[in-house]
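Visitor: I would like a close look at a single part of this protein, with enough of its surroundings to place that part in the whole. Please take it slowly and keep to what the model itself shows.

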Amino acid sequence: MKEAGQTDPVGTKLLLRMLAKQRVSPPPIWMMRQAGRYLPEYRAVREKAGGFLDLCFNPELAAEVTLQPVRRFGFDAAILFSDILVIPLALGRKLWFVEGEGPRLEPLLDAKALLAVAGQADAKRLSPIYETVRRVKAELGRETTLIGFCGAPWTVATYMIAGQGTPDQAPAKELAARAPDAFQYLIDCLVDASVDYLAKQLEAGADVVQIFDTWAGSLPVQDFERWCVQPTKRMVEKLREKKPDAKVIGFPRGAGKNIPHYADETKVDAVGLESGIDRNFARAEIQSRVPVQGNVDPLILRQGGAALDQEVDAVLTAFSDGPFIFNLGHGILPDTPIAHVEQMLKRVRG
């Protein structure tokens, strides 16, 4: 058994080889939200845990659901089971989940509320998550990469300001325009808290971390630079000051033609691609810079059949000649049949 924090040579982990820009065939594969409601074993643990946050902060159960998809499918990576909104919780914000509807927070309605957010996260609040990482690391085989993660500052801020997910992130956009200095304070708090959070995940045994900027695509160009690119750039720089060898995957979902600039500026090691991106553009302008990850449409995975075979083949054709991690363009849908995941894996691995 390996001690927490001990890493294996790159050569034993396909995903790390890919991040080192080595071509691997077939490519390493994992799925965003691979530990979740489509698995009966997850549903059983969730029922035992009670609420969603109870599960996130129970190291024994969170480790179990993190490992479940690796055991079932033999994925090349496990991703920590947690949520992007644990950072606001550690910053003193109330957080709860409404069954069937998603997260809820106390909204931040004005500049005064933004400036009242705690400037430093409560480290003890997040300690159970690091214990989850240590437990998962101890159970994983040497060939399986462990991925930690956090939400990007812009995406997390949109939830904190609106108090929930919104279709257009309008509350955050409006408050950022009305009170840019106060909004910058919130972003800075999230940058610092997230860097510390990711560094501690790496210390606990994560091999790679991913920064999820789910709502990056909602920003116009000038705001994309200020609220997505620059905070992520600072996060990567600060994280590598703490952990010089840190490997980071960025996922600015929906950013499309802004992604080459994002990759150049942030210096992430790989970029996740959403389902709708033009694959010829992605191959020529993004994969030529950094390894790419993606981008099967979760709707087509749920559909299965010939459409899924065609989608898998199209993704492999587009990206397999360069450094590439096979994944979805977003998280797997809860009602996706397990047989369709098995079909996809078989197709990828030949």
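Which residue follows H8, and what is the sign of its phi?

Guide: The residue that follows H8 is Gly 163, and its phi is positive, near 85°. Please keep in mind throughout that this is a predicted model. Helix H8 itself spans residues 153-162 and is mostly covered, since nine of its 10 residues are buried. The buried ones are Pro 153, Trp 154, Thr 155, Val 156, Ala 157, Thr 158, Tyr 159, Met 160 and Ile 161.

Some of these residues meet a partner from another helix. Leaving aside neighbours within four places in sequence, Phe 183 is in contact with Trp 154, Ala 157 and Ile 161, and also with Leu 114, Ala 172, Ala 176 and Trp 227. In general, an α-helix has 3.6 residues a turn, so residues three or four places apart point the same way. Phe 183 in turn belongs to the largest nonpolar core, a set of 130 residues in which Phe 183, Ile 286, Phe 326 and Met 344 are those with the most contacts. Helix H10, residues 180-204, gives the most to this core, with 13 residues.

From there one can turn to the sheet, which is open and has seven strands in the order E1-E4-E5-E6-E7-E8-E9, with parallel pairing. Its edge strands are E1 (77-79) and E9 (324-328), each of which pairs on one side only. Direction ignored, neighbouring strands of this sheet are turned by 25° against each other on average. Within the sheet, strand E5 (residues 208-213) and strand E6 (residues 248-252) run parallel and are joined by five bridges, and one residue pair to look for is Asp 213 with its bridge partner in E6, Pro 252.

Strand E8, residues 292-296, holds Gln 293, a residue that counts as buried because its relative accessibility is 1%, where the cut-off is under 20%. The side chain of Gln 293 makes a polar contact of 3.1 Å with the side chain of Gln 210. Not counting residues up to four places away in sequence, Gln 293 touches Gln 210 together with Trp 30, Ile 249, Val 271, Gly 272, Leu 273, Ile 325 and Asn 327.

Two helix residues offer a contrast in exposure. Glu 311, in helix H15 (residues 305-319), counts as buried at 10% relative accessibility, and, with the same sequence neighbours set aside, Glu 311 touches Arg 279, Asn 295, Val 296, Asp 297 and Ile 300. Val 221, in helix H11 (residues 221-242), is exposed, with a relative accessible area of 58%. The C-alpha atoms of Val 221 and Asn 258 are separated by 7.8 Å, although the two residues lie 37 residues apart along the chain.

Finally, the whole into which these parts fit: the protein has 16 helices and nine strands, and 57% of its 350 residues count as buried. Of the contacts with a separation of 6 or more, 74% are between residues 24 or more positions apart. The C-alpha atoms fill a box of roughly 55 × 45 × 40 Å, taken along the principal axes, and the radius of gyration of 19 Å agrees with the value near 20 Å that a compact globule with 350 residues would have.

Technical notes: Residues are numbered from 1 along each chain as its sequence is written. This is a predicted model: local features need pLDDT of at least 70, side-chain atom pairs count only at pLDDT 80 or more; totals for chains, interfaces and linings use all residues. Side-chain values use heavy atoms; hydrogens and water are left out. A nonpolar core is a set of buried Ala, Val, Leu, Ile, Met, Phe, Trp, Tyr and Cys residues joined through side-chain atoms within 4.5 Å. Buried means under 20% relative accessible area, exposed over 50%, partly exposed in between (1.4 Å probe, protein chains only). Helices (H or I, at least four residues) and strands (E, at least two) are DSSP runs, numbered from the N terminus. Contact means heavy atoms within 4.5 Å. A polar contact is a pair of N or O atoms within 3.5 Å; within protein, one must be able to donate a hydrogen and the other to accept it, and residues adjacent in sequence count only if both atoms are side-chain atoms. Two strands pair if DSSP finds at least two bridges between them. Axes are lines fitted to C-alpha atoms, for helices over the stretch in contact, and angles run from 0 to 180 degrees between N-to-C directions. The radius of gyration is taken over C-alpha atoms; the globule rule is 2.2 Å times the number of residues to the power 0.38.
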